[in-house]
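Dear colleague,

I am passing on the structure we spoke about, and below it you will find an account of what came out of going through it.

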Amino acid sequence: MNFEQEFKENIYEPWRSEYVNYEEIQFNLNQRRWTQQEFESTIRSEADKVELFINKKQREIESRIAYCERMLSSQTATSSVYETTDDTLTEVLLDLNDLSKYTRTNFLALQRLIHDALFDNSSQLMHWLRSKSFDKQRFDVALVKISTLHDLCRLRGKTRAEYPSPGDETVEKAKYWVHPDNITELKAILLFHLPMIVPNPEKQIEPSDSAVSNVYFDNPHFDLYQGRLQRDEGAEAIRCRWYGTTESREITVERKTHHALWTNGKSTNDKLHLDVDQVNDFLSGRYTADQYAEELRQRQTPKETVEDNYALALSIQQSIHEKGLEPVMRVFYHRTVFQIPGDNRLELSLDTDLTYLRETEGRPKDAWRRNCDYPFDSQEVYSFPYAVLETNVQTPPPEWLSRLIDSRLVYEVPRFSKYLQGVAFFWNSRLPLVPWWLEQLELDIRNAKQPTGNFSGLSRSKSLKPLIDGKYRMGYLESQLERSSVLRRAPQRVSNPFDDPIWSQTDTLSHADSSYVDRGRITSASEGRHTAIFLDSESTDFLISGKRTPRSSYMQTERDERDRLFKEDVVVVEEGGKKEPAVKDEAEEEEKPKKKKKKDKEGGATVEPKIFFANERTFIHWLHFSATLLSAALTLLNFGDRINRIVGGLFFGIAFAFAFYSFIFYRWRAYRITNKPHLRFDDVFGPIFLCVLLIGALVLNFALRFNSPPQNNNYLGVNNTQSAE
């Protein structure tokens, strides 16, 4: 597929006019109709248009998020408020995903146009374009806010229960590449299942909160690289890690050991916590393990912890001294963690903006890192083209996760290592062995695999409603409206045709011992109670598995919410004791309208609220015409002569007939809509008969007035002329 075709397919139709005019600009370039100045002016104008639209949409999304925050922080937050806010956040999440795709698509279009132009100022234009930040994920802060509010709605404002420790179970790890086009969509899907971990909830959210930096150590022969690549027993990887910017004071010195002998062949990840001013002295040996252990004792650290940290510090210093290790490379990325707090059975981390910086050159002497932050200005920088998703599962993975990793959104790369990738890029010519996945970088991972499932991710229906894995999530407000006006036929119950269909719907819905599913909701009437359990597309089992879980499950205890991540889906029990899944979603109904019509004719057809409203509007229109005719009749009766009073009386009778007829047929249509929705409820002969009456009255008025012309200058019996003097 060429880029022009891909660009057209990625256009979101409501925003079509806001996209880069790629086709026209490319045509003018091919025809060589533009000079360098005209092309530059066009590119800058198109880029400014895109940036203005992004900023406008981003402000709209932020204002909607702020509104949701105010709703949830109010003292009167009820269950309906949580439901409504949850649906609003779902819409915001879909809009944010569309905006992210819009940003990415336009950036690639502008980048392709600059590359194809072949003008002298192409490099300058590209540098200016990158300063617009089109190629960076700018919506992470909004995603974190949505995750926090979404989790609050899921808990209904209650405190999360503590989970028991799963014990020493085997952790299954896997790593996947994620194309930049799919990053925001993947984050949005994960948010429906697991909340984001926020390091400091009390602090204002900033982009630097998710920043992670690692400085890796190795020697000129890259012994640590060779050991990790070949997975030798006891192979080490030593690094210094910090979170946020270089102003962070806490530095973690980590040592990863593959199949450590002292743990019976298990891989380990040991950590030491140092102040930033102690790192240089620790690496050089001036700050010894004895001094570090003494400081721990002064902090009243348990004796066992002091001994473990002392042995670790001594071992790391010995490895640095004996192997001649020094800082060789810094790895930077933004990490987003998805996990239920306190539950370690399922943890997912997504690393974006993966960037490598060489530390062998340009680093100050006697310093273990450069004093610079992302984005780096150095020429010795390598940006990895994909994001990296890592899954840690201690139990069998839930079904939604299995379907997700089988989709095109992710591409599995077993044993991928950020450190090995960076070394292989910077020092490829000096290495005897390179990782196997380097050849995979030449593939388009979006189409590199053939998924076995039918996972469709986030999309929109033909009516632009959000679809999650091809399924429509009924909003709370819409479901409330349907619950009060969507009725189902009950043949065995004889209704009064003059009963109001809206007021009497409770009796219709509470038919004895009935339980049915209607357009995505379960309605039941048992033991004298009327309940409506709404199918929640936000639950873990619904989102990816394609099956549905009642929304009321969120009203259960926290333990039920946690266990739902790993259990089978709930099915709906229909009349007759048969177990069937919930009815098909709106997207499937749009694809099969004929099948739906056939089902409606067989009975149990659903009636939308607009049908009742249309009936009421028709009744009001008839009354409006009757009132107009009645006004004319009263005028003729009060101010007319004998002929006018005769015609006025006739008009009065016709107006009464119109009003009575409209009332009768309003009740009759309401009865037909409620009990026989598959039959016609229009009136063919009534309006014709009334029109004949009205025309007859007008003809009678004309005939009487023509045969008995007035003998004076009065009009309607009132002298309205002045005699001439």
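To begin with a pair close to the start of the numbering, E13 forms a salt bridge with R16, and the closest N and O atoms of the two are 2.9 Å apart. E13 is partly exposed at a relative accessible area of 48%, and R16 is likewise partly exposed, at 44%. Please keep in mind throughout that this is a predicted model.

The salt bridges come to 31 by the rule applied here, and a few others deserve a description. K101 pairs with E185, with 3.3 Å between the closest N and O atoms; this pair links distant parts of the chain, since K101 belongs to helix α4 and E185 to helix α7 (residues 183-191), 84 residues apart. K101 counts as partly exposed, at 30% relative accessibility, whereas E185 is buried because its relative accessible area, 5%, falls under the 20% cut-off. A further salt bridge brings together the side chains of R299 and E295, at 3.4 Å from N to O, where R299 counts as exposed at 54% relative accessibility and E295 is partly exposed at 24%. In addition, E6, R104, D181, D444 and R446 are joined into one network by salt bridges that share partners.

As for the protein overall, its secondary structure consists of 22 helices and 19 strands, and 46% of its 725 residues count as buried. Of the contacts between residues at least 6 apart in sequence, 70% join residues that are at least 24 apart. The exposed area is about 38,600 Å², of which carbon and sulfur atoms supply 52%.

Helix α5 (residues 122-130) has two distinct sides. S122, L125, M126, W128 and L129 are buried, and they lie on the same side of α5 because they cover an arc of only 160° around the axis. S123, Q124 and H127, on the other side of α5, are exposed. The buried residues of α5 pack against α3 (36-73) and α4 (79-117). Helix α4 also holds T103, which counts as buried at 2% relative accessibility and which, leaving aside residues up to four places away in sequence, touches I54, F134 and F139.

Strand β9 (residues 387-393) is largely enclosed by the rest of the structure, because seven of its seven residues are buried. In a regular strand the side chains alternate between the two faces of the sheet. In β9 both faces are covered, with A387, L389, T391 and V393 buried on one side and V388, E390 and N392 buried on the other. Strand β1 (residues 172-178) pairs with β9 in the antiparallel sense over seven bridges, and W177 stands opposite V388 there. Strand β7 (residues 346-358) also runs antiparallel to β9, joined to it by six bridges, with T391 of β9 as the bridge partner of L348.

Lastly, on the surface, L630, L634, L637 and F652 make a nonpolar patch of about 290 Å². Helix α20 (residues 609-639) gives the most to this patch, with three residues, while F652 lies in helix α21 (residues 642-675) and is partly exposed, with a relative accessible area of 39%.

With kind regards

Notes. Residues numbered from 1 in each chain as written. Predicted model: local features only at pLDDT ≥ 70, side-chain atom pairs only at ≥ 80, totals over all residues. Heavy atoms only, no water. Buried < 20%, exposed > 50% of the residue type's maximum accessible area, 1.4 Å probe, protein only. Helix = DSSP H or I, 4+ residues; strand = E, 2+ residues; numbered from the N terminus. Arc of directions from axis to C-beta. Contact = heavy atoms within 4.5 Å. Patch = residues over 30% accessible without salt bridge, like charges linked within 9 Å, V, L, I, M, F, W, Y side chains within 5 Å. Areas by Shrake-Rupley, 256 points an atom, 1.4 Å probe, with all protein chains shown as cover. Salt bridge = Lys/Arg side-chain N within 4 Å of Asp/Glu carboxyl O. Pairing = 2+ DSSP bridges.
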